[in-house]
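Reader: Hey, got a minute to go through a model with me? I'd like to talk it over before I start making figures.

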Amino acid sequence: VPANTTRVLTLKADVQSTADFGTITASLVGETNNLQGMISSASGNSAPASGNPVTLVSSELTANQNGALGNQSVAPNVSDQRIGSYALTASTAEGINVNNITVQANSSYFANLKLMVNGAQFGTTKGYITPGKQYTFSGTSFSIPEGTTVNVDVYADTNSSANGTVSPATILTGVSGTGQVSFSSIGLPSGNVNGQALTFNGSGSTISVTANSNQPAAGQVAMGSPSTILGQYSFTDTTNIEQTRVTNLIVADVLATSTANVNPSFNTLTLWNGATQIGSGSANYLGADASQTAYLYQFSFGNTSPFIIPQGGTLVVTLKGNANSYTAGNVTDNSAHRFEIVTTTDSNNSTSTQTVQATGATSGKTAQITLNSAYGNTQTVLRNVMQFSAAPLGAISGRAKLPSDQLATLTFTAANSGALALNTVKVTLAGTAVTSTTPGSLVLYDGNTQYTPATTTANTATFVFGTGIGGYQVNPGPVNFTLIANDNDMNVASGQNYVNLSATINATGDITYTDGVDNNNNVTTGVTLPSTILTPINLNSVTFSQGT
């Protein structure tokens, strides 16, 4: 052993086929005067050292039911149904090469039995199956590395008469392989392994239909708006036996009043799965329902273009529609619409047939439909819709007091091609800078005219631009107002470092408008912004420092 170097000695031995020890540990024994310096020739002693314990493995293979696949409820008349799964685990002593696997199928309902390992078929398919007979599959050997697990899946076709429960559906009766180190023959260590139970569900799938939690909130829709999302619905398979095909679907436009007072207002209803349209056309308009409180629309996909609900999964379906334009007619101003999916048990359904038609994709069994609040949020149709936004102006902290301090920009836009009329804007103030005269010092400036509040309170200023169509006309292009305050009365008292001021539009009623400007008889006055816009909106929050 040269100076300043290390030499590693490895002790190896053959483990005999008759070995029966539990654990063995090899050790170097400490000795005296068994070392000698290569230059000095001085003698030395070696200390004892023990290796790690080595345990004799009694079985190189363990086989169990694959816990990732539990007992199943499946449909009859299904091709390539997984009917069993087994986990084969090699010990940490050595890996295994598996050459043969023997499986017993326990029902006359099965045909075309095959094994799949790591996504590839192992052996050949057994076409005709005799219940209780063992079938051996031989193919190119597959490896189970030491200390790892490989799953062996059993697949078969089920026939149309399948019913009841088969438990277990399959039994693993044999494994033949060799150790990758010892080359010894390896088989099942402790006899047969039962697979999962299989129950045939003859009643078909059950589909739960609910409102999707991510669908748009209640809002406003301008006449003539295209592709408005009217609802999103989650179709969930709760039985997990097969895919389900939806071939027919009826949705109802449920009104806040009767159909005598409200026109249908929407056309070209379509269904979407993400960015992909379901089917090739739009819904067929059926007219009013029996109670005259809803309009019905039917989607007929047939067997050529149904939408598929995944087995044990959820499909989110989006309903879109075009709002009728004012000039085209068949639309009612300020009308509320809520689109829901109906079945024969729905009071809004005037048809005598099942209005959600769905069948198993492989079994052809009729699926059961359950609904739980399967409706979109209410959308209100208006001649035009006001869009509003705000942006703060100037520094936020250490702000200098000015007699004409620009606090924020308020932007109003008409959503559609026509104009509307802005009627009122209410601004709420808060903070230590607010005095009794502060609200009255506010103005709104559009670049030409300064508008002062019509009414004020201790902390609010309400601007009135006119009633009905006489309000401030807002065309499709944006109209910008600047909110200006007189800061002269915002004094920082002795002992204070600063005072603060915030301006907000707090509630849905703080902005009102009329949804058209042509005729008071054809418009709606006092329209407010939806709560999704005003939550509230902060116009600005500033501080004025001592000495400014």
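Author: Sure, let's go from the overall picture down to a few backbone details, keeping in mind that this is a predicted model.

Reader: Okay, how many helices and strands does the protein have?

Author: There are zero helices and 46 strands.

Reader: And is it compact or spread out?

Author: Spread out: the radius of gyration is 39 Å, well over the 24 Å that the globule rule gives for 548 residues, so the protein is more spread out than a compact globule. Along the principal axes, the C-alpha atoms fill a box of roughly 105 × 90 × 30 Å.

Reader: What share of the residues is buried?

Author: Buried residues account for 44% of the 548. As for surface, the protein exposes about 25,900 Å², and carbon and sulfur atoms supply 47% of that.

Reader: What about contacts over long stretches of sequence?

Author: Take the contacts between residues at least 6 apart in sequence: 77% of them join residues at least 24 apart.

Reader: Switching to charges, how far apart are the mean positions of the positive and negative ones?

Author: They sit 5 Å apart, with 14 positive and 23 negative charges going into the two means.

Reader: Now a sheet. In what order do the strands run in the open one with five strands?

Author: The order is 34-35-42-37-38, with antiparallel pairing. Strand 34 (386–392) and strand 38 (450–451) are the edge strands, each pairing on one side only.

Reader: Zoom in on strands 35 and 42 for me. How many bridges are there?

Author: Seven bridges, in the antiparallel sense, between strand 35 (residues 405–414) and strand 42 (residues 479–485). One to look at is L410, whose bridge partner in strand 42 is F481.

Reader: Any odd backbone spots I should look at?

Author: Some background: most residues other than glycine have a negative phi, and most peptide bonds are trans. Here, the peptide bond from S167 to P168 is cis, with omega near -10°. P168 is in the loop between strand 15 (164–166) and strand 16 (170–179).

Reader: And which way does phi go at D80, positive or negative?

Author: Positive, about 55°, although D80 is not a glycine. D80 lies in the loop between strand 8 (72–74) and strand 9 (81–90), and is partly exposed at 43% relative accessible area.

Reader: What's phi like at S227?

Author: Near 50°, again a positive value in a residue other than glycine. S227 is in the loop between strand 21 (219–222) and strand 22 (228–237), and counts as partly exposed at 48% relative accessibility.

How values were computed
Residues numbered from 1 in each chain as written. Predicted model: local features only at pLDDT ≥ 70, side-chain atom pairs only at ≥ 80, totals over all residues. Heavy atoms only, no water. Pairing = 2+ DSSP bridges. Helix = DSSP H or I, 4+ residues; strand = E, 2+ residues; numbered from the N terminus. Rg over C-alpha atoms; globule rule 2.2 N^0.38 Å. Buried < 20%, exposed > 50% of the residue type's maximum accessible area, 1.4 Å probe, protein only. Contact = heavy atoms within 4.5 Å. Areas by Shrake-Rupley, 256 points an atom, 1.4 Å probe, with all protein chains shown as cover. Lys, Arg positive; Asp, Glu negative; His and termini not counted. Charge placed at Lys NZ, Arg CZ, Asp CG, Glu CD.
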